[in-house]
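Here are some short exercises to try with a structure in front of you. Have a go at each task before you read its solution.

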Amino acid sequence: MLFGSNANYAPSVKIGDEMAAQMMFVIGTDGGGLQHLNWQQNLKFAVKVQEKANELYPGLFRPIIVRNSRYNQHLAKAASIIEVGATGNTMEECLASMKYLSKIISEVVK
């Protein structure tokens, strides 16, 4: 539960004339004891996406978080969680982020 100013936390970045919600990768590992043999490959994919994002839209991504849970990311190649914005961001800011994310991923998977 968020209290005080945290309830309105809205990490965002201006891209052109538009405000976009910042995004963040959450990468699971096998650190919690559950098998996740390829978590490093998922992390490498997240790093590639974030590097391209920094090139095209600086500030769109917050730092990657690596956790000791696997979040079902062991089920597919390049599986990851991307958190979009926070409690204070608007739907418009989040949708703007998706527009930029689609361009970034398109460039990465070419």
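Keep in mind that this is a predicted model.

**Exercise 1. What order do the helices and strands follow along the sequence?**

Solution.
- Step 1: Count the elements. The protein has two helices and five strands.
- Step 2: Walk along the sequence. The pattern reads β-β-β-α-β-β-α.

**Exercise 2. Of the contacts between residues at least 6 apart in sequence, what percentage join residues at least 24 apart?**

Solution.
- Step 1: Take the contacts in the protein between residues at least 6 apart in sequence.
- Step 2: Pick out the ones that join residues at least 24 apart, and you arrive at 76%.
- Step 3: For an example of parts brought together, carry on to the next exercise.

**Exercise 3. How many aromatic pairs does the whole structure hold, and how are their rings arranged?**

Solution.
- Step 1: Searching the whole structure turns up two aromatic pairs.
- Step 2: Start with F25 and F61. Their ring centres are 5.3 Å apart and their planes meet at 10°, so this pair is stacked; the cut-off for stacked is under 30 degrees.
- Step 3: Locate both partners. F25 sits in strand 3 (residues 23-28) and F61 in the loop between helix 1 (39-56) and strand 4, so the pair ties together parts 36 residues apart in sequence.
- Step 4: Move on to Y57 and Y100, after checking that F61 is buried at 7% relative accessibility. The ring centres of Y57 and Y100 are 4.7 Å apart with planes at 55°, so this pair is tilted.
- Step 5: Y57 belongs to the loop between helix 1 and strand 4, while Y100 belongs to helix 2 (residues 91-108), so the pair links parts 43 residues apart in sequence.

**Exercise 4. Is F25 buried or exposed? Do the same for Y57 and Y100.**

Solution.
- Step 1: Recall the cut-off: buried means under 20% relative accessible area.
- Step 2: F25 has 0% relative accessibility, so F25 is buried.
- Step 3: Y57 has a relative accessible area of 13%, so Y57 is buried.
- Step 4: Y100 comes to 7% relative accessibility and is buried as well.

**Exercise 5. Where does Y71 lie, and where does A78 lie?**

Solution.
- Step 1: Y71 is in the loop between strand 4 (65-67) and strand 5 (81-84). A78 is also in the loop between strand 4 and strand 5.
- Step 2: Look at the backbone. Phi is near 50° for Y71, a positive value in a residue other than glycine. For A78, phi is near 65°, again positive in a residue other than glycine.
- Step 3: Check the accessibility. Y71 is partly exposed at 38%, and A78 is partly exposed at 25%.

Note on methods
Residues are numbered from 1 along each chain as its sequence is written. This is a predicted model: local features need pLDDT of at least 70, side-chain atom pairs count only at pLDDT 80 or more; totals for chains, interfaces and linings use all residues. Side-chain values use heavy atoms; hydrogens and water are left out. Helices (H or I, at least four residues) and strands (E, at least two) are DSSP runs, numbered from the N terminus. Contact means heavy atoms within 4.5 Å. Buried means under 20% relative accessible area, exposed over 50%, partly exposed in between (1.4 Å probe, protein chains only). Rings of Phe, Tyr and Trp (its six-membered ring) pair if their centres lie within 6.5 Å; planes under 30 degrees apart count as stacked, over 60 as edge-to-face and the rest as tilted.
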